[in-house]
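Here is a friendly walk through one fold, taken a piece at a time. Keep the sequence and the model side by side as you read.

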Amino acid sequence: MGTTMSERARVEAAWSRVEAWLSRHAPGSYELLRPAATPERIEEAEQALGVRFPPELRALYLRHDGVRGADLDEFGEQPLLPPGEDDPWHRRANAVDFMPNGQAWLPLEHVVSAHASPLSEYAGDASARYVPVTASALHTMMYGTYLDLDTGMLGTWADASELEPLGVGLAGWLEDGADALVEARPTRTLGMLPYLSPTGDGLGWFDPDPMYEQDGWRPLGS
């Protein structure tokens, strides 16, 4: 009988597929990946949150400490009258929300701040064992996705909304995203379709809708 892959091994394998796809097809998103977090930096975040990361989440941060631009201020001041979507600020902004839910992978510093401010407030319990993993950079981190450490399942949080469990763990979510990229289809988790940015080098995810194509986004497989 074969052995079942651990959650950590599944996350590592799925992320390797996502990262390989980004490097080939969405270099603008790929270049926003930050260097790996050190074990010491992960431990500092754990201490700040008062939790211990599960092996699969730790493995993800040992690959990269999220992305540059989760806070768009990292890209400098937004142009008031940009010449087009190919100006440097917009090009990077269109490439940062590339995780399979159309959000940015949070660096550990933002994991701590999101947990301390919006997530604990929305959860109604500052001691809840929720760790934010992604948030929308383009919407100033007003909503995002968290990992429930007690169940191992992901859920969503948003301003003035109840927390919503997604019924999938980190490994399953990344596997679904990797498959959606290769197969050019919507994810099964949220039904979001991968799109290439107007400049063709950034990845984004939206509900399938021709409106995005009118804005210059191109759905995979088109």
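In helix 5 (residues 88-96), the buried residues are W89, H90, A93, N94, A95 and V96. The cover over these buried residues of helix 5 includes helix 2 (27-30), strand 1 (104-105) and strand 7 (203-206). Do keep in mind that this is a predicted model.

Strand 1 brings us to the sheet. Five strands make up an open sheet, ordered 1-2-3-4-5, and their pairing is antiparallel. Strand 1 and strand 5 (164-169) are the edge strands, each of them pairing on one side only. Helix 4 packs on this sheet, where it touches strand 1, strand 2 and strand 3, and its direction makes about 40° with that of strand 2.

How enclosed is strand 3 (residues 143-148) by the rest of the structure? Five of its six residues are buried, so strand 3 is largely enclosed. The cut-off for buried here is a relative accessible area under 20%. Strand 3 has a partner on either hand, as the next two pairings show. With strand 2 (residues 130-135), strand 3 runs antiparallel and is joined by five bridges. With strand 4 (residues 153-158), strand 3 pairs over six bridges, also in the antiparallel sense. As general background, the strands of a sheet pair through backbone hydrogen bonds, in either a parallel or an antiparallel way.

Some of the facing residues can be picked out by name:

| Residue | Stands opposite | Strand of the second residue |
|---|---|---|
| V131 | L147 | strand 3 |
| P132 | Y146 | strand 3 |
| D148 | M153 | strand 4 |

The turn from strand 3 to strand 4 is a hairpin with four residues between the strands, and there G152 takes a positive phi near 75°.

Which residues other than glycine take a positive phi? M141 is one of them, with phi near 55°, and A184 is another, with phi near 55°. For context, most residues other than glycine have a negative phi. M141 sits in the loop between strand 2 and strand 3. A184 is found in the loop between helix 7 (170-183) and strand 6 (193-196). The relative accessible area of A184 is 28%, which makes A184 partly exposed, as that class begins where buried, under 20%, ends and runs up to the exposed class, over 50%.

M141 also turns up in the surroundings of a histidine. H110 belongs to helix 6 (residues 108-123). Is H110 buried or exposed? With a relative accessibility of 11%, H110 counts as buried. Leaving aside residues up to four places away in sequence, H110 touches A70, D71, E74 and M141.

Finally, back to helix 4 (residues 55-63), which also has a helix for a neighbour. Its axis and that of helix 1 (residues 7-25) come within 8 Å and cross at roughly 35°. The crossing of helix 1 and helix 4 is right-handed. Helix 1 contributes E7, R8, V11, E12, W15, S16 and E19 to the contact, while helix 4 contributes P55, E56, A59, L60, L62 and R63. By character, the residues of this contact are six nonpolar, one polar and six charged. Helix 4 thus has two sets of contacts to look at in the model: with helix 1, and with strand 1, strand 2 and strand 3 of the sheet.

Technical notes:
Residues numbered from 1 in each chain as written. Predicted model: local features only at pLDDT ≥ 70, side-chain atom pairs only at ≥ 80, totals over all residues. Heavy atoms only, no water. Buried < 20%, exposed > 50% of the residue type's maximum accessible area, 1.4 Å probe, protein only. Pairing = 2+ DSSP bridges. Axes fitted to C-alpha atoms, helices over the stretch in contact; angles between N-to-C directions. Left-handed = near helix turned anticlockwise from the far one by under 90°. Contact = heavy atoms within 4.5 Å. Nonpolar A, V, L, I, M, F, W, Y, C, P; charged D, E, K, R; others polar.
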